[in-house]
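Biologist: I am new to this structure and would love a close look at one part of it. Could you take me through the surroundings of the ligand, and then the helices and strands beyond?

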Amino acid sequence: MAMVGEMWSHLGSTMGTLMLVYTVFKQFFPHHLQASFEKYFNRIVRFAYPYVEITFDEFTGERMKRSEAYSRIKSYLSDKSTASAKRLKADVVKDSQSPVLSMDYNEEITDEFQGVKVWWSANKTRPTTQRISWYPNDDEKKYYRLTVHKRHRELITQSYISHVMMEGKEIATKKRQRKLYSNNPSQNWYGYRRSKWSNVLFEHPATFDTLAMDAKLKEEIKNDLIKFSKGKDYYARIGKAWKRGYLLYGPPGTGKSSMIAAMANLLDYDVYDLELTAVKENTELRRLLLDTSSKSIIVIEDIDCSIDLTGQREKKTEKDGNEDEPSDPVTKRVKEEEKKESKVTLSGLLNCIDGLWSSCGGERIIVFTTNYVEKLDPALIRRGRMDKHIELSYCCFDAFKVFAKNYLEIDSHSLFGEIESLLGKRI
Ligand SMILES: Nc1ncnc2c1ncn2[C@@H]1O[C@H](COP(=O)(O)OP(=O)(O)OP(=O)(O)O)[C@@H](O)[C@H]1O
Ligand SMILES: [Mg+2]
């Protein structure tokens with residue numbers, strides 16, 4: 001490999017001699033003295049080794065959060081790897097365009113910055129426990145390693161890394177493919193799949209143009225969304241997390257889900273469809289939300305049905321359970337498991353939405369949908385938490401005109417006047 005060859009040519013005979021000495025001593029030195037010998041040997045190697053190594057792990061904070069730096073480096077290196085790495089990984093993309101390539105593990109590539117050569121390698125740690133399995137081990141960690149000569153340490157730490165971060169972000173934005181995520185049950189968070197969210201490409205065609213609703217309200221929502229997406233400085237100034245909550249309510253089939261898709265398409269955001277019934281407890285919910293990316297819409301559909309958010313249903317179940325306690329131990333166990341299903345509480349959800357934890361990561365929109373707004377706890381939907389309450393109701397004349405345009409491709413018709421008077425401005 002180019003990097004290894006070049007490094008050793010720089011090190012010259014010093015390292016060669018040291019290695020020879022080390023091998024000889026390993027063989028002939030008394031076993032009980034080898035540990036202290038190794039300590040000193042490592043010190044000498046460190047002294048003679050003229051390179052600095054910087055590691056970027058995939059996860060930060062006890063595996064709670066995917067590292068932004070890691071993702072940016074991945075994007076930055078994807079272009080460079082295509083040109084120079086020998087082993088590449090391919091991800092298939094939308095409409096069978098050419099796949100996105102990235103450097104495979106244990107592969108190294110060279111980069112140059114202001115005339116200084118650096119080396120990047122993609123690595124995985126070896127599992128600490130040995131086991132026979134088809135699947136990768138849980139404690140495996142992925143990371144990128146940057147190696148550079150120590151005389152360029154300042155240039156690299158002060159300028160090169162910021163350059164990689166900026167370029168990586170730009171490349172990621174350019175190549176970004178929007179995704180629709182759904183949460184995995186927590187037993188899939190570890191082991192082979194090891195992922196809290198599964199995703200598919202988000203290709204919903206709904207836009208605000210195709211959405212049939214009151215024209216004024218539509219304009220107001222669009223402006224509100226755009227203002228939010230440009231509001232980074234504003235939120236920082238007023239000391240609030242960069243988040244906005246929308247509550248969409250109305251009868252079934254009136255366009256709540258379509259509006260979420262239109263919002264995502266307008267802002268170019270990802271969508272995280274959070275199925276609360278699959279979340280067992282508040283800590284899981286927190287972990288899931290921490291693992292979402294910025295520029296995303298987190299959706300909880302039919303929130304009134306998802307979970308007991310008022311605590312009343314839980315009390316009722318307990319009461320029911322006491323009334324006819326099953327005598328059969330198997331049924332009893334199954335019932336107990338069912339009870340354990342989800343312990344997400346209203347306070348847990350509220351805490352994740354706008355408590356301290358919500359400030360981890362900005363630019364997120366949270367949307368709740370419901371058919372029965374009156375069932376929701378007022379604390380959950382108070383303004384400030386759910387900043388905008390939007391009612392989507394049955395067809396008004398503005399909505400009818402959109403449908404006529406979408407389906408019949410007409411802007412006007414002699415019957416429009418009559419239809420308007422029948423529908424009224426808004427039902
Ligand atoms: N206001 C609307 N504008 C455009 N299309 C709509 C509208 N309302 C409903 N539709 C159409 O009706 C179908 C159902 O709409 P959608 O799934 O968005 O309703 P919903 O309010 O989310 O329903 P539910 O409460 O059952 O989840 C969609 O395929 C959509 O195309
Ligand atoms: Mg819906």
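Modeller: Happily; here is a walk from the ligand to the helix packing and then to a sheet. This is a predicted model, in which local features need pLDDT of at least 70 and side-chain atom pairs count only at pLDDT 80 or more, while totals for chains, interfaces and linings use all residues. Residues are numbered from 1 along each chain as its sequence is written, and chains are lettered from A and ligands numbered from 1 in the order in which they are written.

Around ligand 1 you will find Leu211, Ala212, Met213, Pro252, Gly253, Thr254, Gly255, Lys256, Ser257, Ser258, Asn371 and Ala399; a residue is near a molecule if its C-beta atom, placed from the backbone, lies within 6 Å of it. This shell has 5 nonpolar, 6 polar and 1 charged residues (Ala, Val, Leu, Ile, Met, Phe, Trp, Tyr, Cys and Pro count as nonpolar, Asp, Glu, Lys and Arg as charged, and the others, Gly among them, as polar). Helix α7, residues 256–267, gives the most to the shell, with 3 residues. Helices (H or I, at least four residues) and strands (E, at least two) are DSSP runs, numbered from the N terminus.

Now follow α7 to its neighbour. The axes of helix α5 (residues 215–229) and α7 come within 11 Å and cross at roughly 45 degrees; axes are lines fitted to C-alpha atoms, for helices over the stretch in contact, and angles run from 0 to 180 degrees between N-to-C directions. That crossing angle makes α5 oblique to α7 (angles under 35 degrees count as roughly parallel, over 145 as roughly antiparallel, 65 to 115 as roughly perpendicular and the rest as oblique). Lys222, Leu225 and Ser229 of α5 meet Met263, Leu266 and Leu267 of α7, where contact needs C-beta atoms, placed from the backbone, within 7 Å. By class, this contact has 4 nonpolar, 1 polar and 1 charged residues.

Elsewhere, an open sheet of 4 strands runs in the order β1-β8-β7-β6, with antiparallel pairing; two strands pair if DSSP finds at least two bridges between them. Its edge strands are β1 (51–57) and β6 (107–113), each pairing on one side only. Neighbouring strands here are turned by 25 degrees against each other on average, direction ignored. β1 and β8 (residues 142–149) pair over 7 bridges, and Tyr51 has His149 in β8 as its bridge partner. Helix α4 (residues 153–175) packs on the sheet, touching β1, β6, β7 (116–124) and β8, and its direction makes about 65 degrees with that of β7.

Terms used
Two residues are in contact if their C-beta atoms, placed from the backbone, lie within 7 Å.
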